[in-house]
Amino acid sequence: MKQAVGIVVEYNPFHNGHKYHCLKAREHGDIVIAVMSGDYVQRGEPALIDRWTRAELALKNGVDIVVELPTFYSTQSAEIFARGSVGILNLMNVKKIVFGSETGDTLNLIKRAKLEEREDFKEELKRQLKEGYSYPTAYSNSLKKIDEKEELNSNDILGVEYIKALDYWKSNMEPIAIKREKSGYYSEGIEDGISSATGIRKKLYDGEEIKEVVPVTTYEVLKNALEKNKFAKLKDFYPFLRYKILLEKERLEDIQDIEIGYGNRIYEAAFICENFDTFFEKIKSKRYSLGRIQRVLIHILLGIKKDQTEKVKNKIPYIRVLGFTKDGQSYLKNLKEQEVQILTSLKNIQKKLDEDSLKLLEQNEVASKIYTMVNHYEERKIPIIIK
């Protein structure tokens, strides 16, 4: 059986840097399997374009199999996002996971992962959080105090979490960090035809040209979406979000990532604010990063709760395949039966999944239905096949 290498992606949107990542991943295996966020991404936002379109772009640009990272993983903190992604790749018999890093120093990231398991680091992190710092700031402060070195940036933090997730799942998968080339994670500039997804989204919103930084396939999709005004933004969901907040005031603190008292603040802002930007300004907090606030809002919108999150942290409920190439199809056929169902169709799904897993699948599909209320797309019943 061919050896598979795994990557964790969002492709929001797919750009030249992602294509480079695919090429580097293929140097370490025969089949490239991408775990890709569905219709909502880790920053707590709807994806710019839908999951099926993004999966097709991936398959046309170097990926052999695309499986979905469901919303109950894709909209979470780095720890849960990574645990879900790595758990899925592990169940698909992936031998190596290749991820971007500012340094490309895998051994140093392994060292960092071990440091985070130390009691002195955990205690310092708790102390920083009690003092009212947001998690990213508390993490950075704790790291500097214990290790006395520079803080990790967002991409390196994810890399550390991938390594910790490998340990959690007792996986033999080998981690491989590759150095991020040219444009930085949040950079809005362009260097040698590469820009970050953040920079590309800003250029799209500002009406600037992006042909230089994306493959032709992506450019055509984005050009068409721009002409039809078919990009999804968090503010577009505010009427639905506001309805949920006002309706479920007493249950807000059951929602993932909401701390005691913050639910009241969200409710009071939603009650008086008809405009999303005004609402968002009122719920800003020093304890919450902007990313976490957005994740909270997505969790309210989609009904992602704390007790549910605890369950999915410990067990992957299912794996859904969005698409594959001819080589990817052959790999899937030869993949040994797993303890978790690998779904290529939702036909007779009640017979394939247990009750809890079925509820999670249904919740993820409802989340996509909500997405289509703002950015409509045709749902597929079978995976995309690229020959």
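Reader: What makes E208 and K203 a salt bridge?

Author: In this predicted model, the closest N and O atoms of E208 and K203 are 3.8 Å apart. The cut-off is within 4 Å, so the pair counts as a salt bridge.

Reader: And why is K203 called buried?

Author: K203 has a relative accessible area of 12%. Buried means under 20%, so K203 fits that label.

Reader: How do you know whether its partner E208 is buried, exposed or partly exposed?

Author: E208 comes out at 41% relative accessibility. That lies between the 20% and 50% limits, so E208 is partly exposed.

Reader: Why do R287 and E259 get called a salt bridge?

Author: Their side chains meet at 3.3 Å, N to O, and that is within 4 Å, so the rule is met. This pair links distant parts of the chain, 28 residues apart: R287 is in the loop between α13 and α14, while E259 is in the loop between α11 and α12.

Reader: What makes R287 partly exposed?

Author: Its relative accessible area is 29%, which is over the buried limit of 20% but not over 50%, so "partly exposed" it is. E259, at 29% relative accessibility, counts as partly exposed too.

Reader: Now K24 and E27: why is E27 called exposed?

Author: E27 has 56% relative accessibility, and exposed means over 50%, so the label follows. K24 sits at 23%, so K24 counts as partly exposed. The side chains of K24 and E27 meet in a salt bridge at 3.5 Å, N to O.

Reader: How many salt bridges does this rule give?

Author: The count comes to 28.

Methods:
Residues are numbered from 1 along each chain as its sequence is written. This is a predicted model: local features need pLDDT of at least 70, side-chain atom pairs count only at pLDDT 80 or more; totals for chains, interfaces and linings use all residues. Side-chain values use heavy atoms; hydrogens and water are left out. Buried means under 20% relative accessible area, exposed over 50%, partly exposed in between (1.4 Å probe, protein chains only). Helices (H or I, at least four residues) and strands (E, at least two) are DSSP runs, numbered from the N terminus.
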